[in-house]
Amino acid sequence: MKLVLSTILLLASAVVGLSQSTSNILKQAEKALGGSKALKAVRSVRKTGMITRKSDGAHGKYLYETAQPNLFKVGFDLDGFETEGAFNGRSGWSRNSRDGVETLTGMASTDQQAKAAFRNSLWLNYKTDKSKVTPAGQMTIDGKPSNGVLLTTQKGTTIKMYFDAATSLLVRDEIRQGDHVGICEYGDYRDVDGVKQAFSMRVLNRDEVYEIAFNDVKTNQTIPRSDFDYPVDRKAPLPDIQSLFKDLQANEDRLDSILDTYSYTQKTSTRELGKDGQLRETESETVQLSFYKGFRITRVIEKDGKPLTADEQAKEDKDAAKQVEEIEKRIAKNESRLGKQESSGAPSQDSRRISIAEMLRASKLLNPRRERFRGRDCVVFDFEPNPDFDLSSARSQLKLFGKTAGVMWIDEKDKQVARLQAVLYDSYKVGGGVLAKISKGAAFTLEKERVNDEIWLPSQMDINFAVRVLLFKGLNINQLITSYDYHKFETEVKGAKVGEDKP
């Protein structure tokens, strides 16, 4: 009778657990792991142990490291074959003994960054990060029922978590990793400095299963940031970075001239993360983009996937012509102002846009290396805010860039930026924060495509940031901008035909 009663009580507790709300599941999990306060006090974790591949018994050492706010690394060897993966706060990378090392790009990079944040803070910051949590059903893991919760980040990375219905401990997570999903299952929880840490882990990666047993777990030890850095081959010769930047800046005027001969289509899709955790397009605008004397000219051709009416298109065409007139007025005004400054001996305040080479003066450059991107040899380096650079009197563009960290690819032969990804390290205030404030964590990724063997043009931009305007309620901006249908034209002097296809 006692056995039957205990079985009924166990089943009842499991059913109650399975019926809990998502927020209650997470709260119970925090309590089971040691409490929210104790979890937030963990600034770093270092685990060492042994890994075994189930298919053939290959084994070796395993290392797992995290450090706040978003540094993460795993590394192991299987009978001498080494594999590593990390996020260093600026870029994600992977390395193995066969393929060497590479910087992650695209969705793999986005997912690695999300994974690094999760490994450091679990779900504790999901509200601040504007992520969504939704129910993910139930699953039986090692014969025990568990509750599922799906966390979706603002950039669309999904992290599925399962918690033991009886103990509330995290027993499994599934994190998208580019083109596949990595699965980890946890067990053998023990107390380490007031927080429960898993001493065993099972990793299901593609078609392989790995068993990891940790023999040493330490928290809040100082882990050198260099542990997470890109493993640069110091023997490989690199070009002089400063000379490269000079060439990059000297190339700007030539590129402006080439850019004036191009037009392409650009679609901006605004996305929103719904309460169900799904990232959906809410609106879109498609423009025909061209350039005049280095300035952009936009002509709307579609809204929400539908062509404009004849009247709407006529208005847009008229507006495009007006943009050319405004550009001429702006150039004339700037030339007049610069002429007055020169004649009076006043310092010239060049109003042109700031080049990438100039912006990087406000950054600290790290881990230079050579990599291939879209079939081209590129010089790649990480960058982060330079604490010794004085931003107080800098122009607004430079102030904003000087607060970012990320990674950049430069085509070594073309002397052009081929790819850029950046994240805002600190909030950026406009007008002292009265006009606007862009929150820390704003992210931007730009990918380019080499066109006609002469110029790198944008192919995709991913923009994600939170901004508060005029002290009112903040806005979350999540946009995907795709560019395509590139056309080259012969542009002659003003008054001649413009927009004629080059033969």
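Student: Is Phe 245 buried or exposed?
Tutor: This is a predicted model, so keep in mind that we're reading computed values. The cut-off for buried is under 20% relative accessible area. Phe 245 comes in at 7%, so Phe 245 counts as buried.

Student: Which residue does Phe 245 form an aromatic pair with, and what kind of pair is that?
Tutor: The ring centres are 5.6 Å apart, and the planes sit at 70° to each other. Planes over 60 degrees apart count as edge-to-face. The partner is Phe 381, and the pair is edge-to-face.

Student: How many residues apart in sequence are the parts that this pair ties together?
Tutor: Phe 245 belongs to helix H5 (residues 241-250), while Phe 381 belongs to strand S19 (residues 376-385). Phe 381 is buried too, with a relative accessible area of 1%. Going by those two elements, the pair of Phe 245 and Phe 381 ties together parts whose separation in sequence is 136 residues.

Student: What sort of pair do Tyr 64 and Phe 72 make?
Tutor: The structure holds twelve aromatic pairs. For Tyr 64 and Phe 72, the ring centres are 5.9 Å apart and the planes meet at 75°, so this pair is edge-to-face. As for exposure, Tyr 64 and Phe 72 are both buried.

Student: Which residues form an aromatic cluster?
Tutor: Here you want rings that group together rather than a lone pair. One such cluster is formed by Tyr 62, Phe 76, Tyr 210 and Phe 214.

Student: Which ring does the charged end of Arg 369 sit over, and which ring face has Arg 190 over it?
Tutor: Take Arg 369 to begin with: its charged end is 3.9 Å from the centre of the ring of Tyr 230. Arg 190 lies 4.1 Å from the ring centre of its own partner. So the rings to name are Tyr 230 for Arg 369 and Phe 199 for Arg 190.

Student: Let's move to empty space. What is the volume of the largest cavity?
Tutor: Searching the whole structure turns up two cavities of 30 Å³ or more. The second largest holds about 50 Å³ of space. For the largest cavity, the volume is about 430 Å³.

Student: Which element gives the most to the lining of the largest cavity?
Tutor: That lining has 25 residues, with Lys 47, Tyr 64, Arg 119, Leu 122 and Gln 197 nearest the cavity's centre. Among the elements that give two or more residues are strand S1 (44-53), strand S2 (59-67), helix H4 (106-121) and strand S12 (195-205). With five residues, the top contributor is S12.

Student: How does the lining of the largest cavity divide by class?
Tutor: Remember that Tyr counts as nonpolar here and Gly as polar. On that basis, the count for the largest cavity is 15 nonpolar, five polar and five charged.

Student: Which strands each supply at least two residues to the lining of the second largest cavity?
Tutor: The lining includes Ala 443, Phe 444 and Thr 445, along with Asp 462, Ile 463 and Asn 464. By class, it has three nonpolar, three polar and two charged residues. The strands you're after are S24 (443-451) and S25 (455-469).

Student: How far does H4 reach from its first C-alpha to its last?
Tutor: H4 has 16 residues, and at 1.5 Å a residue 22 Å is expected. Its buried residues include Asp 111, Lys 115 and Arg 119. The actual reach is close to the expected one, at 23 Å.

Student: Which residue just after H4 has a positive phi?
Tutor: Most residues other than glycine have a negative phi. Just after H4, though, there's a phi of about 50°, and the residue is Leu 122.

Student: What about Asp 188: what is its phi, and where is its place?
Tutor: Asp 188 is partly exposed, with a relative accessible area of 41%. Its phi is positive, near 50°. Its place is in strand S11.

Student: And in which loop is Ser 168 found?
Tutor: Ser 168 has a positive phi too, near 70°. At 13% relative accessibility, Ser 168 counts as buried. The loop runs between strand S9 (158-164) and S10.

Student: Last one: which residues does a cis peptide bond join?
Tutor: Most peptide bonds are trans. One here has omega at about 5°, and its proline lies in the loop between S2 and strand S3 (71-78). The cis bond joins Gln 68 and Pro 69.

Key
Residues are numbered from 1 along each chain as its sequence is written. This is a predicted model: local features need pLDDT of at least 70, side-chain atom pairs count only at pLDDT 80 or more; totals for chains, interfaces and linings use all residues. Side-chain values use heavy atoms; hydrogens and water are left out. On a 1 Å grid over the protein atoms alone, a cavity is a set of points where a 1.4 Å probe fits but cannot get out, and a pocket is an open set with protein on both sides within 12 Å along at least five of seven lines; lining residues have an atom within 4 Å of a point. Grid points are joined across faces, edges and corners, and a volume is the space filled by probe spheres set on the points. Helices (H or I, at least four residues) and strands (E, at least two) are DSSP runs, numbered from the N terminus. Rings of Phe, Tyr and Trp (its six-membered ring) pair if their centres lie within 6.5 Å; planes under 30 degrees apart count as stacked, over 60 as edge-to-face and the rest as tilted. Buried means under 20% relative accessible area, exposed over 50%, partly exposed in between (1.4 Å probe, protein chains only). A charge sits over a ring if NZ of Lys or CZ of Arg is within 6 Å of the ring centre and within 35 degrees of the ring normal. The expected span of a helix is 1.5 Å times one less than its number of residues.
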